[in-house]
Amino acid sequence: MKMTDRYAEFSTFEVDYPAERVLRLTINNPKSMNSLDQTGHNHLTYVWNEVDKDPDISAVILTGKGKAFSAGGDFKMIDAMVKDYHARVRSWKEAKDLVYNIINCGKPIVSAINGVAVGAGLVSALLADISIAAKNARIVDGHTRLGVAAGDHAVINWPLLCGMAKAKYHLMLCEPMTGEEAERMGLVSLAVEPEELEAKALEVATRLANGAPSALRFTKYALNNWYRMAGPSFDASVALEMLGFTSPEVVEGLNSHLEKRQPVFDPKSDA
């Protein structure tokens with residue numbers, strides 16, 4: 001079996017091996033800034049199970065094709081979640097599985113964050129073991145702007161990475177930041193010049209691939225217990241996010257995105 005055959009079903013990605021025992025997964029939908037439809041979201045969620053079992057690799061790079069890392073879930077997927085209970089349940093399960101599959105994947109993961117990183121793309125970028133952002137990357141969690149709670153991943157890692165005060169500021173206001181600002185806050189491991197991003201990610205992944213595999217995997221497992229301890233808070237956030245997809249707020253949030261205007265939310269709330 002060719003090495004790439006293992007990942008043939010994950011057509012969302014361009015797959016290559018830029019160094020010995022290093023797998024690179026490139027989200028490959030550049031025409032729409034690497035947005036994820038239902039299939040793409042599924043692939044991003046479950047590819048980590050295959051990575052974990054792959055005996056031929058020791059480290060992974062995740063990046064995006066072209067000028068963006070990933071613009072997150074596309075509007076068709078969001079619209080389906082608003083209108084269809086079964087789509088909501090499927091997304092709820094995948095949202096949880098995406099976070100825990102990355103946390104539980106034994107192989108070290110390096111994210112190379114080029115351009116925009118939003119939604120499920122941002123989940124994988126920031127949960128990677130070593131996150132490297134281009135200085136001009138644009139990172140934003142847009143959940144509350146859409147009209148739903150920040151549930152994808154932020155509750156499990158943002159307070160730990162950048163502190164509660166910064167987490168609330170950026171998550172509640174959907175305040176964007178550059179890769180350089182994200183490094184200064186501690187949200188990403190490194191920020192480099194855009195032209196240096198690919199080489200730096202490969203350098204780091206190669207060092208990981210050449211390291212003591214058990215020592216690295218045990219270290220990752222132990223450190224990720226900080227995330228596992230936050231599991232109940234994360235589970236609540238995802239459930240509240242999905243509850244939001246039944247609300248009039250998400251209808252207004254989605255319409256405002258499609259109509260390219262600011263949303264006008266009803267100031268009264270039952271919450």
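In this predicted model, helices H3 and H12 cross in the right-handed sense. Helix H3 covers residues 85–104 and helix H12 covers residues 231–244, and their axes come within 10 Å of one another while crossing at roughly 155°. Because angles over 145 degrees count as roughly antiparallel, H3 is described as roughly antiparallel to H12. On the H3 side, the contact is made by Arg88, Ser91, Trp92, Ala95, Lys96, Val99 and Tyr100, and on the H12 side by Gly231, Phe234, Asp235, Val238 and Met242. Taken by character, the residues of this contact between H3 and H12 divide into 7 nonpolar, 2 polar and 3 charged.

From the helices we turn to the sheet, which is open, has 6 strands in the order E1-E2-E3-E4-E6-E9, and shows mixed pairing. Its edges are formed by E1 and by strand E9 (190–192), each of which pairs on one side only. From one strand to the next, the twist averages 20°.

Both senses of pairing can be followed in particular strands. At the E1 edge, strand E1 (residues 13–19) pairs with strand E2 (residues 22–27) in the antiparallel sense, over 5 bridges, and within this pair Glu14 stands opposite Thr26 of E2. The hairpin of E1 and E2 has 2 residues between the strands, and in this hairpin Arg21 takes a positive phi near 65°. Elsewhere in the sheet, strand E4 (residues 109–113) and strand E6 (residues 130–134) run parallel and are joined by 4 bridges, with Ala112 having Ile132 in E6 as its bridge partner.

Strand E3 (residues 59–64), which stands between E2 and E4 in the order of the sheet, contains Leu62. Is Leu62 buried or exposed? Its relative accessible area is 0%, and Leu62 is therefore classed as buried, the cut-off for that class being under 20%. Leaving aside residues up to four places away in sequence, Leu62 touches Phe13, Leu25, Ile27, Leu44, Trp48, Phe69, Val110, Ser111, Ala112 and Ser124. One of these contacts, Ala112, is the residue already met as the bridge partner of Ile132, while Phe13 and Leu25, also touched by Leu62, fall within the residue ranges of E1 and E2 respectively.

For a sense of scale, Leu62 may also be set against Glu259: the two residues are 197 residues apart in sequence and, C-alpha to C-alpha, 32 Å apart in space.

Definitions and conventions. Residues are numbered from 1 along each chain as its sequence is written. This is a predicted model: local features need pLDDT of at least 70, side-chain atom pairs count only at pLDDT 80 or more; totals for chains, interfaces and linings use all residues. Side-chain values use heavy atoms; hydrogens and water are left out. Two strands pair if DSSP finds at least two bridges between them. Axes are lines fitted to C-alpha atoms, for helices over the stretch in contact, and angles run from 0 to 180 degrees between N-to-C directions. Angles under 35 degrees count as roughly parallel, over 145 as roughly antiparallel, 65 to 115 as roughly perpendicular and the rest as oblique. A crossing is left-handed if the near helix is turned anticlockwise from the far one by less than a right angle, and right-handed if clockwise. Contact means heavy atoms within 4.5 Å. Ala, Val, Leu, Ile, Met, Phe, Trp, Tyr, Cys and Pro count as nonpolar, Asp, Glu, Lys and Arg as charged, and the others, Gly among them, as polar. Buried means under 20% relative accessible area, exposed over 50%, partly exposed in between (1.4 Å probe, protein chains only).
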